[in-house]
Every structure is written in structure tokens, then in C-alpha cells.
Amino acid sequence: MAIAGKVALVTGGAQGIGRGIALRLARDGADVALVDLKAEALTSVAAEIEAIGRKATIFVADVGDREQVRAAVDHAAQALGGFDIMVNNAGIAQVKALASVTPEDVERIFRINVQGVLWGIQAAADRFIATGRKGKIINACSIAGHDGFALLGVYSATKFAVRGLTQAAAKEYASKGITVNAYCPGVVGTDMWVEIDRLFSEITGAEKGATFRKYVDGIALGRAETPEDVAGLVSYLSGPDSDYMTGQSVLIDGGMVYR
Ligand SMILES: NC(=O)C1=CN([C@@H]2O[C@H](COP(=O)(O)OP(=O)(O)OC[C@H]3O[C@@H](n4cnc5c(N)ncnc54)[C@H](O)[C@@H]3O)[C@@H](O)[C@H]2O)C=CC1
Ligand SMILES: CC(=O)C(C)=O
């Protein structure tokens, strides 16, 4: 178990990809702090981690709030006796034609998808430096961080921003032995895609499920992605096999976007 005894924090850990990552890291031997807005769901994922035989702790926080993210990292370190891996996974989607996007839309999504990642990088790196740990920071990007998608324009902009932050942080923290990478999934069958599909229907008149199917049709491997597919990459980025890798935003999309 490559990360046995390490402590990981996963934001957006109450469901979807975050839950999948948290369970995988626990199976890999890590104790896991789960951070999200959804207290009840956090409790149930924590119970799943404990059933695997690892320790779990939960912390309700809004990743868009810098102080709350710092408090979440402090809590993880105190409750689990260390801190080694930060997964900045929480994010939201937005489906809107660029022509109708408002300043409020831009503020809301950048606050969570970009500032949320930045506050996570800051809090984690400060803690790693203060404790002399060669920590790993892993950020949620997307295929939309490599290609702009129609009606997902502002969302795409946030994910391009995550790539930029990932590269800059990798360079700033390399001398401290901290690595910073990102995972870029394609079409993962979570609540996020249920909502994306619903919003596409509202705008384009497509029938329910049609947008999801259209996207899945563009995947070379011929099926939608699962949180477990994503978690395998995050497991690699969390462990020693990726020690010589930093600043990368790695596509894991079944063959949709080629870079
Ligand atoms: N589902 C997909 O196809 C893809 C998802 N991603 C990215 O992966 C990440 C996870 O996505 P999913 O699991 O699919 O989404 P999801 O909507 O199923 O889960 C997101 C979780 O983040 C939490 N969250 C949202 N705002 C928060 C905030 N301000 N503070 C704390 N927690 C917050 C939610 O409560 C939820 O539990 C996101 O960053 C998303 O952009 C990237 C590519 C594809
Ligand atoms: C949700 C997401 O990142 C896409 C483009 O599917």
C-alpha cells in the first residue's frame, strides 16, 4: 500500500468523484478527512472509510472561503495526526450561453472552482512547509480545461485557470519538495452530469439524457467514466511513483480530448 499511514484531505468528498477518491485513498492505506457543504452525506462516506479499516474525519466548509479551508486543513492534521495529501476536488458546473452570462454567474463559479483550489493550495502548502513534509497537492481540472465547450464557457474558463494555478504552484513549491498536479476527467456519471444534462435540455430543448448520450458517443472507449476511473489516477498522483512529476494536468477521459 503505497500511501499507508498518510493523511489525505478531499474536498467535495460527500459524493461523486470526491467520494470515489476518498474511498480509493482509504483502500490504499490513507486516513481521510472529508470536507464538503453536505454534513449528512459526509457522515455516511466517513462510515464507508471506517468500514475499510481507516480513520476518517469530517469538516463542513465552503471551499470558496479562505479561512474555512485553512480551518479544514488544521482540523484534518489535528484529528488524524498529520497531513500529506490535499485533493482540491470540490467544484460546480454552469451551463449558459456566453451571451447571457452575468457578473454574478462568473463570480459564483470562479469563487468555488478557482478560488477554492487556490485557497486549498495555499493552506496545504503552508502546512507542508511548516511541518517539513514533502506533500502532494492534486487539483480537479477537466477536459474543459483543455478544450472550450459550447454552453460550458465560463466553467471551461475556470478549469483552464486551474491548469494555470497547477503549473504556477508546481514551480513555486518545487524547492520545498511539494508536487502539484491535476486530474482532467471527461464525462463522469455523477450528480453534476445529471444537472448539466437538465440545463442543456432547458436551453436547447434536447430530451432528457440526450446531451449526456451525445457526449458519451464522443468517447473512444465507448462508455461514460466512473469516479473509480478518476480515483485510480489520483491514487497514482498521491503516491511515490509520481514523485518526479509536477505541474501536469492529466487527461483521463476514455479518449475524448487529445493533447
Ligand atoms: N462529473 C464530471 O463529468 C466531471 C467533473 N469534473 C470535476 O470533478 C469535481 C467533482 O465533480 P463531481 O463529483 O462530478 O460533482 P458533484 O456535483 O457530484 O459533487 C461535487 C461535490 O462538491 C461539493 N461542493 C460544491 N461546492 C462546494 C463548496 N463551495 N464547498 C465545499 N464543497 C462544495 C458538493 O456539495 C458535492 O458534494 C469538480 O471539480 C468537477 O468540476 C471534471 C470533469 C468531469
Ligand atoms: C463536467 C465536465 O467537466 C465536463 C466537461 O463534462
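Guide: A residue counts as near a molecule if one of its heavy atoms lies within 4 Å of it. The model discussed here is predicted.

Visitor: With that cut-off, how many residues surround ligand 1, and which are the closest?

Guide: The shell around ligand 1 holds 29 residues. Asp36, Asn89, Tyr155, Val188 and Thr190 are the closest.

Visitor: How does that shell divide by residue class?

Guide: The shell around ligand 1 comprises 16 nonpolar, eight polar and five charged residues.

Visitor: Which helices supply residues to the shell around ligand 1?

Guide: At least two residues come from each of helix H1 (16–27), helix H5 (153–173) and H6. H6 gives the most, with three residues.

Visitor: How should one read the polar contacts of ligand 1?

Guide: A polar contact is a pair of N or O atoms within 3.5 Å. For ligand 1, one such pair joins a nitrogen atom of the ligand to a backbone N or O atom of valine 63, at 3.0 Å. Two others involve side chains: an N or O atom of tyrosine 155 is 2.6 Å from an oxygen atom of ligand 1, and a polar atom of tryptophan 193 lies 3.4 Å from an oxygen atom of ligand 1. As for burial, ligand 1 taken alone exposes 820 Å², and the protein buries 95% of that.

Visitor: Where does ligand 1 sit with respect to the pockets?

Guide: The space that ligand 1 takes is the largest pocket. The space taken by ligand 2 is likewise described as the largest pocket.

Visitor: Which residues surround ligand 2?

Guide: The shell around ligand 2 consists of Ser142, Ile143, Tyr155, Gly186, Met192, Trp193 and Ile196. By class, these residues are five nonpolar, two polar and no charged. Helix H6 (residues 191–204) gives the most to this shell, with three residues.

Visitor: Which residues make polar contacts with ligand 2, and at what distances?

Guide: The side chain of serine 142 places a polar atom 2.7 Å from an oxygen atom of ligand 2. For tyrosine 155, a polar side-chain atom also lies 2.7 Å from an oxygen atom of ligand 2. Glycine 186 contributes through its backbone, with an N or O atom 3.2 Å from an oxygen atom of the ligand. On its own, ligand 2 has 230 Å² of accessible area, of which the protein covers 95%.

Visitor: How does tyrosine 155 relate to the two ligands?

Guide: The side chain of tyrosine 155 has a polar atom 2.7 Å from an oxygen atom of ligand 2, and an N or O atom 2.6 Å from an oxygen atom of ligand 1.

How values were computed
Residues numbered from 1 in each chain as written. Chains lettered and ligands numbered in written order. Predicted model: local features only at pLDDT ≥ 70, side-chain atom pairs only at ≥ 80, totals over all residues. Heavy atoms only, no water. Polar contact = N/O pair within 3.5 Å; in protein donor to acceptor, adjacent residues only side chain to side chain. Areas by Shrake-Rupley, 256 points an atom, 1.4 Å probe, with all protein chains shown as cover. 1 Å grid on protein atoms, 1.4 Å probe; cavity = no way out; pocket = protein on both sides within 12 Å on 5 of 7 lines; lining within 4 Å. Sits in = over half its atoms within 2 Å of the grid points. Helix = DSSP H or I, 4+ residues; strand = E, 2+ residues; numbered from the N terminus. Nonpolar A, V, L, I, M, F, W, Y, C, P; charged D, E, K, R; others polar.
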